[in-house]
Amino acid sequence: MNLEPVKVINEIARFAAPKIINLAQRNETVIKILKTLNFDPAHPPKDFDGVYNYALVEYAVYKSAPILDFFREKEIKTSFWKAFNNNPSVFLEDAEYFLKWNTLGDEIREQNIDIRPEIEEFYKVFVNVSKRTRTPAEALNDPKFKPLPEQNPYPDEFKSLIEEKIKSFCGRQFVFNAFANFIKNNPNGYFTVVGDAGMGKSAIAAKYVYDHHCPCYFNILAEGRNRPELFLKSIRQQLIQRYDLQDASDADLSTLLVKISKKLLNNERLVILVDALDEVEQEAGAENILSLPYTLPERVYFLLTRRPYNIDKKRLRVSVPVQELDLTATENESLSRDDVRAYIHFFVNNDPEHKYTLRKWIADRNLNLETFIEQVAAKSENNFMYLRYVLPGIARGFYDDLSLDKLPDGLQDYYQVHWVRMGMDTAPKEMRVIILFILVEIGTPIPCEMIADIAQQDGYDVQSVLDEWVEYLKDQEIDGEICYNFYHASFLDFLKGKRVLDSKRKIFTDVNQRIVDYWERVTVDS
């Protein structure tokens with residue numbers, strides 16, 4: 001691309017920027033740049049080079065220099081043209097690959113620029129300019145005007161989960177590198193990340209989906225989203241929409257994958273991510289969990305996550321390459337520990353809500369940051385869920401009466417320490433235990449009003465208990481009501497363990513009886 005458009009944009013836009021206070025003045029700057037480049041502001045050119053430069057002017061006023069340099073690169077312009085005529089989604093992959101090795105990538109990352117929304121914005125401007133070169137009818141009927149995939153094109157049902165998981169994501173590059181090598185060295189196959197509860201498997205899954213925009217399904221036991229028919233329905237819809245499949249509304253997964261394999265371009269691969277296979281509820285008759293295909297077409301891969309399992313629980317019999325990466329394996333312990341240290345360092349220095357009080361806690365005990373990081377990392381046992389709870393707990397003063405070496409050891413010890421410190425084993429707190437165990441026994445998200453009705457307590461008092469345990473509970477709107485369930489399966493496991501250990505206590509019998517009485521009342525009323 002000729003350097004002149006970028007030079008003119010930089011000179012005129014930089015001079016005008018301090019004066020620009022509204023859209024009209026911005027448009028004046030755009031017109032001035034277009035005229036300087038000998039473009040007619042009222043009539044865009046029809047050739048690709050002209051449209052590209054014209055669109056760059058409309059898009060790039062007041063954009064940073066690295067972004068302008070990015071779109072002027074010959075490789076980017078060539079890739080954009082090919083993608084525009086074939087498959088727009090390929091341009092996202094080509095652009096990100098380009099930035100991995102080009103120094104522009106370093107500059108863009110240093111300025112914390114997310115390149116994907118920038119690409120999406122430029123593409124929309126380019127299409128708009130292209131349409132203005134012809135009559136509306138010509139533009140609307142042109143098959144080249146395909147919509148660029150939306151930013152973060154994952155299902156709405158998983159949007160909040162993915163965004164929550166990637167907020168403070170750190171490290172795990174060794175996992176992504178291992179999967180990239182698996183794809184590079186195999187024509188197709190299944191790659192499984194195995195790890196204990198809280199080790200960050202779902203965060204790894206969310207990060208991969210966010211970065212690569214691949215079809216995905218997150219099995220969530222606490223929400224009842226963990227059955228094969230729900231998985232197939234969601235994945236089928238995603239694949240049909242992504243690849244514009246015809247006559248596929250009732251197709252099984254194997255058929256869908258064969259159809260897609262015929263549409264893949266030479267450098268395209270399809271990766272489908274499935275999180276938390278251990279939470280799947282499925283009858284024993286099916287040979288493979290979620291009825292995952294026995295064979296796969298070439299360039300089709302599955303990235304799976306699950307907890308450790310006995311061999312009889314694997315339920316994945318396939319004829320294609322398979323590989324597992326065990327986060328608990330000895331060879332991965334040091335890599336995971338490095339990621340844990342990086343997460344703690346990031347949290348202490350960057351978390352906007354907790355960093356100041358956390359630093360004060362460290363300073364009040366005359367600790368240096370490295371000592372704090374090392375000891376908390378050791379106590380975490382490489383468990384990110386532990387860090388998610390303990391670091392904010394320290395910042396909020398929950399451990400002000402403890403020294404660093406007295407912090408809980410590991411996630412289960414953390415849950416038990418928190419349980420005791422909240423006084424949950426004392427008689428005055430039994431109603432709080434009842435409310436939590438109502439959530440355990442119901443097993444699906446339910447509103448505060450229903451919990452209060454079962455517990456036969458005032459709704460305000462029940463809401464107060466839910467607020468006390470807010471860090472462990474997830475709220476979501478269902479049919480216009482805010483419903484509650486447990487944020488993470490590890491805390492649900494802890495509560496179920498308490499139930500087993502204390503099964504003779506009257507309180508658990510009482511919870512189940514209250515639920516029975518509630519359903520009887522509901523049945524009579526209906």
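## Salt bridges

There are 14 salt bridges in the structure, where a salt bridge is a side-chain nitrogen of Lys or Arg within 4 Å of a carboxyl oxygen of Asp or Glu. This is a predicted model, where local features need pLDDT of at least 70, side-chain atom pairs count only at pLDDT 80 or more, and totals for chains, interfaces and linings use all residues. Residues are numbered from 1 along each chain as its sequence is written, and side-chain values use heavy atoms, with hydrogens and water left out.

Take Asp339 and Arg172, whose side chains meet in a salt bridge at 3.2 Å, N to O. This pair ties together distant parts of the chain, 167 residues apart: Asp339 belongs to helix α15 (residues 330-350), while Arg172 sits in the loop between α10 (156-165) and α11 (173-185). Helices here are DSSP runs (H or I, at least four residues; strands are E, at least two), numbered from the N terminus. Asp339 and Arg172 are both buried. On this scale buried means under 20% relative accessible area, exposed means over 50%, and partly exposed is in between (1.4 Å probe, protein chains only).

## Two more bridges and a network

Helix α15 turns up again with Arg341, which forms a salt bridge with Glu374, the closest N and O atoms being 2.7 Å apart. Here too distant parts of the chain are linked, with Arg341 in helix α15 and Glu374 in helix α17 (residues 369-380), 33 residues apart. Arg341 has a relative accessible area of 25%, so it is partly exposed. Glu374 is partly exposed as well, at 35% relative accessibility.

Lys207 and Asp211 make a local bridge, both lying in helix α12 (residues 201-212), 4 residues apart, or about one turn of the helix. Their closest N and O atoms are 3.5 Å apart. Lys207 counts as partly exposed because its relative accessibility is 23%, and Asp211 counts as partly exposed at 26%. Elsewhere, Arg227, Glu229 and Glu281 are joined in a network of salt bridges.

## Aromatic pairs

Now for the rings. A pair of aromatic rings is described by the distance of the centres and the angle of the planes. Searching the whole structure turns up 26 aromatic pairs. Tyr52 and Phe122 have ring centres 5.2 Å apart and planes at 70 degrees, so this pair is edge-to-face. The cut-offs: rings of Phe, Tyr and Trp (its six-membered ring) pair if their centres lie within 6.5 Å, and planes under 30 degrees apart count as stacked, over 60 as edge-to-face and the rest as tilted.

Tyr52 in helix α3 (residues 48-60) and Phe122 in helix α8 (residues 115-131) are 70 residues apart, so to speak a link between distant parts of the chain. Tyr52 and Phe122 are both buried. Phe182 and Phe191 give a tilted pair, at 5.6 Å centre to centre with 55 degrees between the planes, and both of these residues are buried. Tyr52 and Phe122 also belong to one aromatic cluster, whose other members are Tyr59, Phe70, Phe71, Phe80, Phe98, Tyr123 and Phe126.

## A negative patch

Glu449, Glu477, Asp479 and Glu481 form a negative surface patch. Patches are made of residues with over 30% relative accessible area and no salt bridge, with like charges joined within 9 Å and nonpolar side chains (Val, Leu, Ile, Met, Phe, Trp, Tyr) within 5 Å. Lys and Arg count as positive and Asp and Glu as negative, while His and the chain ends are not counted. Glu449 lies in helix α21 (residues 448-455) and counts as exposed at 54% relative accessibility.

## Positive phi and a buried lysine

Most residues other than glycine have a negative phi, and most peptide bonds are trans. Asn382, though not a glycine, has a positive phi near 60 degrees. Asn382 is in the loop between α17 and α18 (384-395), and it counts as buried at 7% relative accessibility. Gln456 has a positive phi too, at about 55 degrees. Gln456 lies in the loop between α21 and α22 (459-468) and counts as exposed, with 53% relative accessibility.

Lys498 is found in helix α23 (residues 489-501). At 9% relative accessibility, this lysine counts as buried. The C-alpha atoms of Lys498 and Phe437 are separated by 9.9 Å, with their positions 61 residues apart along the chain.

Definitions and conventions
Accessible areas come from the Shrake-Rupley method with a 1.4 Å probe; for residues, only the protein chains shown count as cover. The place of a charge is taken as NZ of Lys, CZ of Arg, CG of Asp or CD of Glu.
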